[in-house]
Amino acid sequence: MAELAEKLEILADSAKYDVACTSSGVDRGGRHGSLGSCSAAGICHSFTPDGRCVSLLKVLLSNACCYDCCYCVNRRSNDVPRATFTPRELAELTIGFYRRNYIEGLFLSSAVLGSPDITMERMIEALRILREEYHFRGYIHAKTIPGADALLIHRLGMLADRLSVNIELPSEESLHRLAPDKQKSAVLRPMGQIAAEARQNQRELQLYRTAPKFAPAGQSTQMIIGASPETDRHILTLTEALYKKYSLKRVFYSAYLPVVQDSRLPALTTRPPLLREHRLYQADWLLRFYHFSAGELLSENEPNFDPYLDPKCDWAVRHPEFFPVEVNRAPLNELLRVPGIGPKSARRIVKARKLQTLGMPELKRLGVVLKRAQYFITCNGCLGAHGSRSEIAGALVDPKAFGVGMQQLSLDDFLPTALPDAAPQMHQLTGQGMPAQEAAQLLRQEAVTCITGRM
Amino acid sequence: MHYRADVKDLVYRYDGSFAGFLCCVFESFAHKEVPLAIAAPGQAQLSLYPEREIVTVETNARRVFAGIGRLGGAVRYRLAIAFLSGEEEKDMDLLRFIRRAFEIGPNAAAMLGDAAVCRAWELERTVQNEAHLMIEFLRFEQRGNMLGAVIHPKNRVLPLLRAHFCSRLPDESFLICDATHHTAMLRRGDVVQYLPMDQYDPEPDAAEEQWQRMWRRFFQALTIEERRNETCQRTHCPKRFWQDMCEMPLYQKAGRNREKQ
Ligand code: SF4
């Protein structure tokens, strides 16, 4: 047992940079004679001190890699402890954790153990034990190994709920430069195969409701942000294309965290670009739930997101002609463009206004956050609030960019410091010795002035 | 039927049950009055105002319930969920909601612009949210021959956990002990029972400690130091849940049987 714990530690530690950890996309009730269920919205079971959700047992089957991707801790030439699970150990761990309500299921990926095919066969065996011997009905997300045989991908898909193929880097050049063993085609081919099989499966399911399901929660991918020079615009356009072409369910971004010294990579002292990652997620959200397109959010002249404004506010600042929006009449997709109104609030508004005319107090009761929205809406012709340009800019800037947290030095000694996901300028200023709160104030003022100027 | 009523300087006292509450509603309509407060057992006498004991009469409760049923599923559902709230004023809030709902009719549930409707909706959401968080953060332990968990919720969420865990663990027996409200939900075979419970035995054994150690190790290995952001952690997983989560720093192993002392 102690040895198993050791393995678990090594293989969880190597898997932690994979960001995707969601159990969403399938609804499956429990059934006698089996164990587990799935809920479409996904369930988080814990949150680590870095604020990320733990939903699945996220581990590698093995970290003994025979490839040498230079950005990766597990690359062949790196000196780290190595471990490999047997398929049965992995299945037992999953069941033990699942019964205790620690996890929703398994997220299995692996380093390349000998060859892509051998690795995939072992992964398939672990999933087979779970599904066939333990009759496990919880969630399984499996990452395909680039270069594996199409038949193995098919078998994996029959056992897993979600498959992912990591694109790793946002362009072929970068991939070529940083991961010499991998090719873009080796990434895109399985992605295409999975998309095609999923469509085929859809047709079968229409004919026979009981046809076995192929990866019912779809596929996702992940790319590393900040290890290579691509712009936000490039990344977002790629994201949009992936959603369209391969019907991906999610694209995940992972801020590059230097783990190795290499002349091809940012220096070891580089901070992970967490705010940039956050902006990309916000934009990704706008693509998926707000009917925005990549072309609307970024242009050739402004290929990167503003660190101080979330992409939706940024769009609003650039499109004054669109506002104000009348809450009692505007269609849903227009409501969705108002800063501060999300899909939930928008739907509530549409529902509630059928029964009564909405004014500001009613909106407040509906739970609509008005801090930003008030400047962009009218209630029956009345502007929600009048504000000077600088007041509006002040409401729009994203406080996250100036985040200050408390670092505990000793029991009763606290030092305000810039949060890890604050704007890079914050880290620069505090790095030069400016107290965090002062830096936050200064930068905020600058940002407000700049945004006011743009309006 | 008309719904005018006078506010009376009077406190209803009832037995705390749902049927009892419905009888308070009945009383309020029957006397065309709205009390100042409704008190459940254990709730201290709030004021100098006289109290009226509301006796739970099954037939009255049924009549009110049938009446509410005519207002549509959403109203009835909101009432049933919001009633699980642990807030002291919930009874009055819900009485106001029902009175308002009878005025408005079947649209009442959706009329969130209205203050009384909105308040009931808030209660409903708070209870639902907590139940959802419990589904996420509850931790089972192997205790004796079944799985057991201890939780400290603000609201009486046990009934909202039943369906989820019965579906998730179709062939397991389990017990969830709500230590705040001294109630337990026991599932054995296909039967679910709610029982009063002050103390939970047996304790988990050594093998169980092993599993917990393993889970803690996994949890620690997963943390990326360079991204450490405890504020974010606490927004998603509020500290009050930590006492029952074995991977968290505030986990109170000794505290699980606090009720003993
Ligand atoms: S193949 Fe995967 S595990 Fe192996 S070095 Fe490359 S990224 Fe790392």
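Which residue in the turn of the β8(B)–β9(B) hairpin has a positive phi? The legends below take that up first, then move to the next hairpin and the interface; keep in mind that this is a predicted model.

**View 1. The β8–β9 hairpin of chain B.** It's H182(B) that has the positive phi, at about 50°, and it sits in the turn, with 4 residues between the two strands. Strand β8(B) covers residues 174-178 and strand β9(B) covers 183-188; they run antiparallel and are joined by 5 bridges. For a landmark, look for F174(B), which stands opposite R187(B) in β9(B).

**View 2. On to the next hairpin, β9–β10 of chain B.** Strand β9(B) also pairs with β10(B), residues 191-196, again in an antiparallel arrangement, this time through 6 bridges. Just 2 residues lie between these strands, and G189(B) in the turn has a positive phi of about 60°. Right by that turn, R188(B) has V191(B) of β10(B) as its bridge partner. When you follow side chains here, remember that in a regular strand they alternate between the two faces of the sheet.

**View 3. Where chain A meets chain B.** Here 62 residues of chain A are in contact with 53 residues of chain B. Together the chains bury about 5,300 Å², with carbon and sulfur atoms giving 59% of that. Three residues to pick out are P49(A), R99(A) and R100(A): they supply 14% of the area that chain A buries against chain B, more than any other three residues.

**View 4. Polar links across the interface.** Zoom in on E104(A) and R168(B), whose side chains meet in a salt bridge at 2.5 Å, N to O. The interface has 5 salt bridges by the rule used, and 29 residue pairs are in polar contact, counting pairs with both residues at pLDDT 80 or more. On the chain A side, the elements that give two or more residues include α1 (2-15), β3 (56-60), α2 (87-99) and α8 (274-289). Of the elements, α1(A) gives the most, with 8 residues. Sorted by class, the chain A side has 30 nonpolar, 14 polar and 18 charged residues.

**View 5. How far to trust the picture.** Chain B averages a pLDDT of 88, and 94% of the residues score at least 70. Residues 254-261 of chain B are another story: pLDDT stays under 50 there, although the model has 17 contacts for them beyond four places in sequence. Where pLDDT is low, the predicted coordinates shouldn't be read in detail. For the complex, the predictor gives an ipTM of 0.89 and a pTM of 0.86.

Terms used. Residues numbered from 1 in each chain as written. Chains lettered and ligands numbered in written order. Heavy atoms only, no water. Contact = heavy atoms within 4.5 Å. Buried area = accessible area lost by both parts, 1.4 Å probe. Salt bridge = Lys/Arg side-chain N within 4 Å of Asp/Glu carboxyl O. Polar contact = N/O pair within 3.5 Å; in protein donor to acceptor, adjacent residues only side chain to side chain. Nonpolar A, V, L, I, M, F, W, Y, C, P; charged D, E, K, R; others polar. Pairing = 2+ DSSP bridges. pLDDT = per-residue confidence, 0-100.
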